[in-house]
Amino acid sequence: MTTTETRSADADSEEFVPRRRTVSKAEGWRRRGPLLPAMVFAIVVTQIPFLFTLYYSTQSWNLVRPGSREFNWLNNYVDVFRDSQFREVALNTVIMIVGTVIISVILGLFLALLLDRKFIGRSLIRTLLITPFLITPVAGALIWKTTMFDPVFGLINFVLSPFGVDQIDWVSRFPLPAVMANLIWQWTPFMMLLILAGLQSMPKDISEAARVDGAGPVALFRELTFPHLRRFIELGAVLGAIYLVNTFDAVYMMTSGGPGVASANLPFYIYQRAFLGFDIGQAAAMGVVTVVATIIVSTLALRLIFKSFSGNEEAA
């Protein structure tokens, strides 16, 4: 090839590269176009109310005292962190989330391992196990309060009565564990489905080869199954925790946060401060603190999970 032909080929390639980049950029905008209405809708229903919440959090505004609204700088945030009940409620929220997620993951893992085996009626049992996740949270809370935990007619006292257990008012004596029991019942099917999907995505030839090599069930689970399911378990734990931060129905219907604030979580405490105490400024400040803390924790957790998924895909 002569020098002239080489230069013409380089010129053609230089002309071709920008054109290809322009096409890919236009293609990218064409693909993003259908998502713009959804993005606008999300901004309108989430970010604009949050901006109003930020504004209200700087106001000293109590609805009981008309005309008392004034700019308060950051004093509402100072009062929030000085509030001992807010710290107690935040601890209740952490206990509720961590306890519910851990127990739901363990039960979901156990049920997923059972459903991964072939047996008669597996489809029916799987459908029945999914049912709690499909029930409205308010209805589920009422079922547990009136049918399971009732001191006179509750099923738990009926089952435990042969063992000498008297009529215990479980909701009054153990308010936070009672709410957690309802949440565990509702979230175990979600964890089970997620982990079951991970089990079914696991290559069968690897486990069969391990069995041929003499690996037992415990070693097979420890060395192959659990490492494969780790990312699915982490994803389920993070998604469950993000949703459980917003739990309001179960607390309101079962205990109303009582006695005192023994079973109250952050959403219910914010509701009390805003609609029972009529202190809009402090309620808005509590909401901002809760949202910021949730965003920080969930962002860090999701980044770790995405790194785990991308790392496994590169390794594959």
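**Backbone geometry and helix environments in the predicted model**

Phe278 is partly exposed, with a relative accessible area of 33%. In this predicted model, the residue is placed in the loop between α13 and α14, the latter spanning residues 280-315. Its backbone is notable in that phi is positive, at about 60°, although Phe278 is not a glycine. Most residues other than glycine have a negative phi. The positive value at Phe278 occurs just after α13. Within α13 itself, the buried residues are Leu266, Pro267, Phe268, Tyr269, Ile270, Arg273 and Ala274. Arg273 is thus among the residues of this helix that count as buried, whereas Phe278, in the loop that follows α13, is partly exposed.

A further positive phi in a residue other than glycine is found at Trp73, where the angle is near 55°. Trp73 belongs to the loop between β2 (70-71) and α3 (75-82). With a relative accessible area of 60%, Trp73 is classed as exposed, because this value lies over the 50% cut-off.

The loop between α12 (249-254) and α13 (266-276) contains Pro259. The peptide bond that joins Gly258 to Pro259 is cis, with omega at about -5°. Most peptide bonds, in general, are trans. The two loops that border α13 therefore each carry a backbone feature of this kind: the cis bond to Pro259 in the loop between α12 and α13, and the positive phi of Phe278 in the loop between α13 and α14.

Two helical positions were examined for their surroundings. Ser104 is part of helix α4, which covers residues 84-115. Its relative accessibility is 0%, so Ser104 counts as buried. When neighbours within four places in sequence are left aside, the contacts of Ser104 are Ile184, Trp187, Thr188 and Met191.

Gln200 lies in helix α9, which comprises residues 175-200. In contrast to the buried Ser104, Gln200 counts as partly exposed, with a relative accessibility of 47%. Apart from neighbours within four places in sequence, Gln200 is in contact with Asp116 and Arg126. The C-alpha atoms of Gln200 and Ala112 are 9.9 Å apart in space, while the two residues are separated by 88 residues in sequence.

Technical notes
Residues numbered from 1 in each chain as written. Predicted model: local features only at pLDDT ≥ 70, side-chain atom pairs only at ≥ 80, totals over all residues. Heavy atoms only, no water. Helix = DSSP H or I, 4+ residues; strand = E, 2+ residues; numbered from the N terminus. Buried < 20%, exposed > 50% of the residue type's maximum accessible area, 1.4 Å probe, protein only. Contact = heavy atoms within 4.5 Å.
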